[in-house]
Amino acid sequence: MKLPLFPLPICLLPEGYTQLRIFEPRYKRLVAESLKSADGFGLCMTSEDGKTIYPIGTLVHIIDFETLPDGMLGISIQGKQRFTLGDISIESDGLKRAEVKLIDNWPSAPIEDNERYLSEMLQNILKEFPQHLQHYQVEQFEDIAWVCQRWLEILPVQAAEKYSCINALDHQLTQDLLHTVIQCA
């Protein structure tokens, strides 16, 4: 599968939601192509300096778009499935495309009573962002893998640390990171 790529210093994982401001012509083209084909595009996390694209990204779909008050294009996207990057090509306007191989998402796991505080804290944080919270279902907060993914999207840790979690086969490494970060806070 070949996808246009949108490299950014943010993390978005399957079933996650975020909004982007689009102003560069190459990314306007990416949006137009993605809407026309309904194939989506690849959101790839970069290092903080933007020089490194991490080799696991997320296939995302545009679920809404609008013209923002400043005239820029705003899009709302939702993560669908993780992928690994293959060969990357760069087109004349700078848009990157890559062959990608879809990989399994983290398996769902019921949240244990001793981990419920992670779900409750996340819900409290998301109450401050109702445009995000409305895209999530109450049942999702009962899945520790899903909860860990949402935490990973918002945790203020280095991209390399997030990537090591993203690269894992399940949520456990992220859960361990959360325990460390929350205990230190």
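Is Ser119 buried or exposed? In this predicted model, Ser119 is buried, its relative accessible area being 1%. The residue belongs to helix 2. Once neighbours within four places in sequence are set aside, the contacts of Ser119 are Ile111, Phe141 and Val147. Val147 leads directly to the packing of two helices, since Ser119 and Val147 both take part in the contact of helix 2 with helix 4.

Helix 2, residues 116–126, packs against helix 4, residues 144–154, at an angle of about 45°, and their axes are 10 Å apart. Because angles from 35 to 65 degrees fall outside the parallel and perpendicular classes, the two helices are oblique to each other. The crossing of helix 2 past helix 4 is left-handed. On the helix 2 side, the contact is made by Leu118, Ser119, Met121, Leu122 and Ile125, while helix 4 brings Ile144, Trp146, Val147, Arg150, Trp151 and Ile154. By class, these residues comprise nine nonpolar, one polar and one charged.

Helix 4 also packs against helix 5, here at an angle of about 160° and again with axes 10 Å apart. An angle over 145 degrees counts as roughly antiparallel, and helix 4 is therefore roughly antiparallel to helix 5. Helix 4 passes helix 5 in a left-handed crossing as well. Leu152, Glu153 and Ile154 of helix 4 meet Lys162, Cys165 and Ile166 of helix 5. The residues of this contact divide into four nonpolar, no polar and two charged.

These helices also feature in the nonpolar interior. In soluble globular proteins, nonpolar side chains tend to be buried together. The largest nonpolar core of the model holds 29 residues, and Met45, Leu122, Trp151, Leu152 and Ile166 have the most contacts inside it. At least two residues of this core come from each of strand 4 (53–67), helix 2, helix 4, helix 5 (159–166) and helix 6 (172–184). Helix 4 provides the largest share, seven residues. Ile166 touches Cys11, Leu13, Met45, Ile56, Arg82, Trp106 and Leu152, leaving aside its neighbours within four places in sequence. Another core lies apart from the largest one; it has 15 residues, including Leu8, Val31, Leu43 and Val60.

Ala159 offers a second view of helix 5, in which it lies. With a relative accessible area of 6%, Ala159 is buried. Not counting residues up to four places away in sequence, Ala159 touches Met45, Thr46, Ser47, Glu48 and Tyr54. Pro9 is 150 residues away from Ala159 along the chain, yet their C-alpha atoms are separated by 7.4 Å.

Two loop residues deserve a look for their backbone angles. Most residues other than glycine have a negative phi. Glu15, however, has a positive phi, near 75°. Glu15 sits in the loop between strand 1 (2–8) and strand 2 (17–22), and is partly exposed at a relative accessible area of 38%. Ala38 likewise has a positive phi, near 65°. The loop that holds Ala38 runs between helix 1 (25–37) and strand 3 (41–46). Ala38 counts as exposed, with 53% relative accessibility.

Key:
Residues are numbered from 1 along each chain as its sequence is written. This is a predicted model: local features need pLDDT of at least 70, side-chain atom pairs count only at pLDDT 80 or more; totals for chains, interfaces and linings use all residues. Side-chain values use heavy atoms; hydrogens and water are left out. Axes are lines fitted to C-alpha atoms, for helices over the stretch in contact, and angles run from 0 to 180 degrees between N-to-C directions. Helices (H or I, at least four residues) and strands (E, at least two) are DSSP runs, numbered from the N terminus. Angles under 35 degrees count as roughly parallel, over 145 as roughly antiparallel, 65 to 115 as roughly perpendicular and the rest as oblique. A crossing is left-handed if the near helix is turned anticlockwise from the far one by less than a right angle, and right-handed if clockwise. Contact means heavy atoms within 4.5 Å. Ala, Val, Leu, Ile, Met, Phe, Trp, Tyr, Cys and Pro count as nonpolar, Asp, Glu, Lys and Arg as charged, and the others, Gly among them, as polar. A nonpolar core is a set of buried Ala, Val, Leu, Ile, Met, Phe, Trp, Tyr and Cys residues joined through side-chain atoms within 4.5 Å. Buried means under 20% relative accessible area, exposed over 50%, partly exposed in between (1.4 Å probe, protein chains only).
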